[in-house]
Amino acid sequence: METINDVLRQKGSDIYSISPDAAVFEAVKLVAEKNIGALLVLDKSEQVVGIFTERDYARKIALLGKDPKATPVRDVMTSKVMFIEGDKSIDDCMALMTKHRFRHLPVLKVGKLVGLVSIGDIVKAVISGKNLLIDQLGEYIVGNS
Ligand code: AMP
C-alpha cells in the first residue's frame, strides 16, 4: 500500500509558507513564483496558524473587490488547518480531501510538519501506480517474468 510518505519521497518535502501579517498580494506572488496552489501560514515561532490557497484569493479578495495589497493574509486564510499523518494511505488522503472539499493537506510525522501534498500529487501517484501495474501485467502476459 502506497502511503503519503511515499508520495513525499517522490515530490520532495519543500514547504512554502508566509506570515499572517504579510499582504495577500505577497502570498499570491509567492504562489505564482513557486507554481503551487497553497501556502502554510506560520507565525513568528514557526507555528502553523492557517493555510492560504488560490481559492481564498478568488473568493475573499477578487470576488469581493478587496485590495490584495491592503489586506493581510490572516483575514483570508483558513485558521482551522487539517493535517494528515505520513503513514496514512493515498486512499485515506483522497477521502479526507473529498470529504472536506479542499485540495491540500500538510503532512505530519510524529506531530512534526514534514511536507504538504496537493490533489495533483495524489493523482500523479495514482496514475504512476496504475502504469506500474499495467507494465507488470504486460510482462506477465508475454512471459518475461
Ligand atoms: P483548496 O481546494 O485547497 O484550494 O482550498 C479550499 C478551501 O479550503 C480554502 O479556503 C482553503 O484555505 C481551505 N483549505 C485548504 N486546505 C486545507 C486544509 N488542509 N485544512 C483546512 N482548510 C484547508
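In this predicted model, the side chain of Thr-78 places an N or O atom 2.7 Å from an oxygen atom of the ligand. Arg-103 and His-104 also bring polar side-chain atoms to ligand oxygen, as the table shows.

| Residue | Atom in the ligand | Distance |
|---|---|---|
| Thr-78 | oxygen | 2.7 Å |
| Arg-103 | oxygen | 2.7 Å |
| His-104 | oxygen | 2.7 Å |

On its own, the ligand has 480 Å² of accessible area, and the protein covers 92% of this area. Three elements each give two or more residues to the shell around the ligand: strand β3 (48-53), helix α3 (54-62) and strand β5 (104-109). Of these, β5 supplies the largest share, with three residues.

The shell can also be described by its members. There are 13 residues around the ligand, and those that come nearest are Asp-56, Thr-78, Met-82, Arg-103 and His-104. By residue class, the shell holds six nonpolar, three polar and four charged residues.

The strand β5 has a further role in the fold, as a partner of another strand. Strand β6, which spans residues 112-118, pairs with β5 in the antiparallel sense, and six bridges connect the two. Within this pairing, Lys-109 stands opposite Lys-112 in β6. The two strands form a hairpin with two residues between them, where Val-110 adopts a positive phi near 45°. Thus β5 gives three residues to the shell around the ligand and pairs with β6 over six bridges.

Technical notes: Residues are numbered from 1 along each chain as its sequence is written. This is a predicted model: local features need pLDDT of at least 70, side-chain atom pairs count only at pLDDT 80 or more; totals for chains, interfaces and linings use all residues. Side-chain values use heavy atoms; hydrogens and water are left out. A residue is near a molecule or strand if one of its heavy atoms lies within 4 Å of it. A polar contact is a pair of N or O atoms within 3.5 Å; within protein, one must be able to donate a hydrogen and the other to accept it, and residues adjacent in sequence count only if both atoms are side-chain atoms. Accessible areas come from the Shrake-Rupley method with a 1.4 Å probe; for residues, only the protein chains shown count as cover. Helices (H or I, at least four residues) and strands (E, at least two) are DSSP runs, numbered from the N terminus. Ala, Val, Leu, Ile, Met, Phe, Trp, Tyr, Cys and Pro count as nonpolar, Asp, Glu, Lys and Arg as charged, and the others, Gly among them, as polar. Two strands pair if DSSP finds at least two bridges between them.
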